[in-house]
Amino acid sequence: MTFYNVKSGHSVSGITISSGKRVPGGPRRLMMMGCRMPRNAGIYAAALAALLAVRVALADEASFQWQALGTETYDTTCAACHQPTGLGLPGTFPPLAGHAAAILARPGGREYLTRLVLFGLEGEVTIEGKPFNGTMPPWGEVLSNEQLAAVLNHVLHSWGNDKALPPGFKPFVPAEIAAARGTQLTSAEVHALRGQTTREQAEPSASVPVTFTSEQADRGHAVYRRACQDCHGFNLNDGEFGGAPLTGQYFARHWGNGSVAALYGFMLAKMPPDRPGKLNPQTYADLVSFLLSRNGYASGPTELPPDQDAQQHMSLQR
Ligand code: HEC
Ligand code: HEC
């Protein structure tokens, strides 16, 4: 009997089960053998596939070779819009570089990603601070569970996204996609699902005001005079060697809406230009404190920690 995959129109390719043998047709084939298809076979098939999926998931994880399949699927299916560079096209197709791992890290982000590739996305979204209002087509009908799991892994391991993966990240497996097929969603419903993941995330991130002490700002000032003032100036906006202004509107526009981690991370990555990252972490935190004090932020009893995880929660908004 040839099994026809009700949802995707493709036969499901072999999935390794715990015995290590390949079963042609995968788990759905196993369960459909010998049954006649009832009218709502799709629903039963999906529900049963979800159950079976859990059982094969463990074996799958170790044996799923996604690398080549992921690259191929990305190149033939996603690159047209998101570009081979993963940078997308401004205003039209959002970047996946730097963004995909951030989605994964949200509460419910992993589940959201499986629905996104299966059912598409339609509606206004803000990605890396830029609005997009396009439509991402659904891929559940044209790509297999293997291809979809592989392409998600490819995206999450490309263009530096791998460095932002949460600790203990486990690659997607085909069984997970199979399970997600269970509840059919429209592209607009996926958009609503996305809203839930971002709302939950908005609260804990950057939710407390930034803290630093005046002693810390003074220590930062001493370093600033030595290492930064030539370029950024005595008044922080009158430098000689092309240093950008570090006060006023310019500063507020660049840093005033995010967490203090963004400013700290920038300085660590780029300043001073001849030896970025070479000052010690405490010194960078002191320098940030100095810049904040000169931009009218109030000091308090608690130092700004050099720990970027802690900084992530501290908002520069006022
Ligand atoms: C026809 C163009 C097109 C193709 C092909 C395409 N996408 Fe998209 N993708 C989009 C658009 C447009 C959006 C933004 C949708 C919106 O504005 O609501 C998007 C958004 C995304 C997002 C971000 C979702 C979010 O919530 O921020 C990811 C991740 C993504 N696509 C992955 C993929 C993957 C993986 C593939 C290949 C299987 C793919 N895309 C193929 C157009 C495309
Ligand atoms: C050799 C000159 C030079 C020195 C020294 C230098 N900077 Fe910069 N800085 C620049 C230039 C040029 C830019 C703008 C280019 C860029 O954004 O990469 C910049 C940008 C910045 C910005 C981002 C401004 C913005 O809003 O875009 C910060 C913050 C900063 N520097 C802090 C520092 C600190 C703190 C030090 C001392 C540890 C320092 N810089 C030393 C030249 C310098």
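**Group meeting: a walk through a predicted structure**

Allow me to begin with one residue, phenylalanine 172, which counts as buried because 28 C-beta neighbours lie inside 10 Å. The model in which we see this is a predicted one. Phenylalanine 172 is placed in the loop between H6 and H7. Setting aside residues up to four places away in sequence, phenylalanine 172 touches Ala149, Leu152 and Asn153. For leucine 152, the separation along the chain is 20 residues, while the two C-alpha atoms are 7.1 Å apart.

A second residue belongs in this part of the picture. Alanine 178 lies in helix H7, which covers residues 174-180. Alanine 178 is buried, with 32 other C-beta atoms within 10 Å. From alanine 178 to alanine 149 the distance, C-alpha to C-alpha, is 9.6 Å, although 29 residues separate the two in sequence.

Let me now step back to the whole protein. There are 14 helices and eight strands. Of the 318 residues, 34% count as buried. Among contacts in the protein with a separation of 6 or more, 69% are between residues 24 or more positions apart.

I turn next to a pair of helices. Two packed helices are described by the angle between their axes and the distance between the axes. For H3 and H6, that angle is about 90° and the axes are 7 Å apart. The two helices are therefore roughly perpendicular to each other, since angles of 65 to 115 degrees are classed in that way. Which residues of H3 meet H6? They are Leu69, Gly70, Thr71, Thr73, Tyr74 and Cys78, and on the H6 side they meet Glu146, Gln147, Ala150, Val151, Asn153, His154 and Val155. By class, the residues of this contact divide into six nonpolar, six polar and one charged.

Both of these helices also take part in the surroundings of ligand 1. At least two residues of that shell come from each of helix H3, helix H4, helix H5, strand S3, strand S4, strand S6 and helix H6. Which element supplies the largest share? It is H3, with five residues. Around ligand 1 there are 27 residues, of which Cys78, Cys81, Phe132, Gly134 and Met136 come nearest. The shell is made up of 19 nonpolar, six polar and two charged residues.

Ligand 2 has surroundings of its own. This ligand is surrounded by 20 residues, and the closest are Cys228, Cys231, His254, Met271 and Pro272. Helices H10, H11 and H12 each contribute at least two residues to the shell. In that shell, 14 residues are nonpolar, four are polar and two are charged.

I close with two points of backbone geometry. Most residues other than glycine have a negative phi. Glutamate 128, which is not a glycine, has a positive phi of about 50°. Glutamate 128 is found in the loop between S4 and strand S5. Is glutamate 128 buried or exposed? Glutamate 128 is exposed, because 12 other C-beta atoms lie within 10 Å, and a residue with 12 or fewer is classed as exposed.

Leucine 236 likewise has a positive phi, near 70°, and is a residue other than glycine. Its place is the loop between H10 and H11. Leucine 236 counts as buried, because it has 22 C-beta neighbours inside 10 Å, where 20 or more is the requirement. Thus one of these loop residues, glutamate 128, is exposed, whereas leucine 236 is buried.

How values were computed. Residues are numbered from 1 along each chain as its sequence is written. Chains are lettered from A and ligands numbered from 1 in the order in which they are written. This is a predicted model: local features need pLDDT of at least 70, side-chain atom pairs count only at pLDDT 80 or more; totals for chains, interfaces and linings use all residues. A residue is near a molecule or strand if its C-beta atom, placed from the backbone, lies within 6 Å of it. Helices (H or I, at least four residues) and strands (E, at least two) are DSSP runs, numbered from the N terminus. Ala, Val, Leu, Ile, Met, Phe, Trp, Tyr, Cys and Pro count as nonpolar, Asp, Glu, Lys and Arg as charged, and the others, Gly among them, as polar. Two residues are in contact if their C-beta atoms, placed from the backbone, lie within 7 Å. Axes are lines fitted to C-alpha atoms, for helices over the stretch in contact, and angles run from 0 to 180 degrees between N-to-C directions. Angles under 35 degrees count as roughly parallel, over 145 as roughly antiparallel, 65 to 115 as roughly perpendicular and the rest as oblique.
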